[in-house]
Amino acid sequence: MRRFEGKRGLVLGVANKRSIAWAIARRLAEEGAQLAFTYQGERIEKSVRELAESVSSPLVTECDVRSDEDVVRVVQEAGESFGGQLDVLVHSVAYAAAEDLEGRFTDTPRDRFWMALDVSAYSLVACARAAEPLMEAAGGGSILTMTYLGGERAVPHYNVMGVAKAALDASVRYLAWDLGQKNVRVNAVSAGPVRTLAARSIAGFPTMEAIVEERSPLHRPIDADDVGSAAAYLLSDDAHNVTGTTLYVDSGYHAMGM
């Protein structure tokens, strides 16, 4: 089944082959989607370009999501590559300083607090705003972002990133309301611990993995392909009446009280 045949998408957040964003992109491409990609900085450019080439991407471009001008430029470039239309936007972007993902949340300095919220939450708003006209031209579209349970509950060492995810979760709901009149859906996937480049910066990540596997109803780990499958559902027409929603892919851990 090729649910994304003829669909055009923009994917933000691929860093390497272990990225959740790449697992999503690979699944979309396998089902027929044509995809454009962004990268952040020269350090990962080569890796992203190689992955994009493997799915015959027409566009790979740098994007600093802290810049409104950069976001607008990237979405415009995607529109030019796709005939002025866009069906899918995958937002898998987040950042907090490594020193703020250990120790006490109380010690987070003001400048790094706002940086985490800017990159991890406001960037979704900026991307949605830029993509709205292209999705309206396509007759509708679907936007997906990546969140985590740390935005709902206190997770030791997740700290300021948890606050940023809480802002992201609320943004999903408000964007869903605003964009619904244009037939644009906005949803999130909340994944359990997945071994990615970003996960390495979280102190005690192996402990998080072990606790989820021990206490979740399914007692098993989560990998990027699990997230890719869930994301494909939310982005596809199978979920045409699903918006403003968070889908948990965490072996059921979020449902447990203890």
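This report walks through the sheet, two helices that pack on it, a pair of cysteines and one pocket in a predicted model.

## The sheet

Let's start with the strands. Seven of them make up an open sheet, and the pairing is parallel. Reading across the sheet, the order goes 3-2-1-4-5-6-7. That leaves strand 3 (59-62) and strand 7 (246-249) at the edges, each with pairing on one side only. Going from one strand to the next, the twist averages 20 degrees.

For a look at one pairing, take strand 5 (residues 141-147) and strand 6 (residues 184-191). These two run parallel and are joined by seven bridges. In one of the pairings, Gly141 has Val184 of strand 6 as its bridge partner.

## Two helices on the sheet

Helix 1 (residues 20-30) packs on the sheet and touches strand 1 (8-12), strand 2 (34-39), strand 4 (88-91) and strand 5. Compare its direction with that of strand 2 and you get an angle of about 165 degrees.

Helix 2 (residues 42-54) packs on the sheet as well, with strand 2 and strand 3 as the strands it touches. The direction of helix 2 makes about 175 degrees with that of strand 2. So that strand 3 isn't lost in the list: this is one of the two edge strands.

## The cysteines

How many disulfides does the model have? The count is zero. Take Cys63: the nearest cysteine sulfur belongs to Cys127 and sits 6.1 Å away. A disulfide needs the two sulfur atoms within 2.5 Å, so Cys63 is in no disulfide. Looking from the other end, Cys127 has the sulfur of Cys63 as its nearest cysteine sulfur, and Cys127 is in no disulfide either.

Are these two side chains' residues buried or exposed? Cys63 has a relative accessibility of 4%, so it counts as buried. Cys127 comes out at 2%, and therefore counts as buried too. The cut-off for that label is under 20% relative accessible area.

## The second largest pocket

Now for a pocket. The second largest one has a volume of about 390 Å³. Its lining is made up of 23 residues, and those closest to the pocket centre are Tyr148, Val155, Pro156, Ile211 and Tyr253.

Which elements give two or more residues to that lining? They are strand 6 and helix 6 (205-215). Helix 6 provides the largest share, with five residues. Strand 6 should look familiar here, as the strand joined to strand 5 by seven bridges.

Conventions. Residues are numbered from 1 along each chain as its sequence is written. This is a predicted model: local features need pLDDT of at least 70, side-chain atom pairs count only at pLDDT 80 or more; totals for chains, interfaces and linings use all residues. Side-chain values use heavy atoms; hydrogens and water are left out. Two strands pair if DSSP finds at least two bridges between them. Helices (H or I, at least four residues) and strands (E, at least two) are DSSP runs, numbered from the N terminus. Axes are lines fitted to C-alpha atoms, for helices over the stretch in contact, and angles run from 0 to 180 degrees between N-to-C directions. Contact means heavy atoms within 4.5 Å. Buried means under 20% relative accessible area, exposed over 50%, partly exposed in between (1.4 Å probe, protein chains only). On a 1 Å grid over the protein atoms alone, a cavity is a set of points where a 1.4 Å probe fits but cannot get out, and a pocket is an open set with protein on both sides within 12 Å along at least five of seven lines; lining residues have an atom within 4 Å of a point. Grid points are joined across faces, edges and corners, and a volume is the space filled by probe spheres set on the points.
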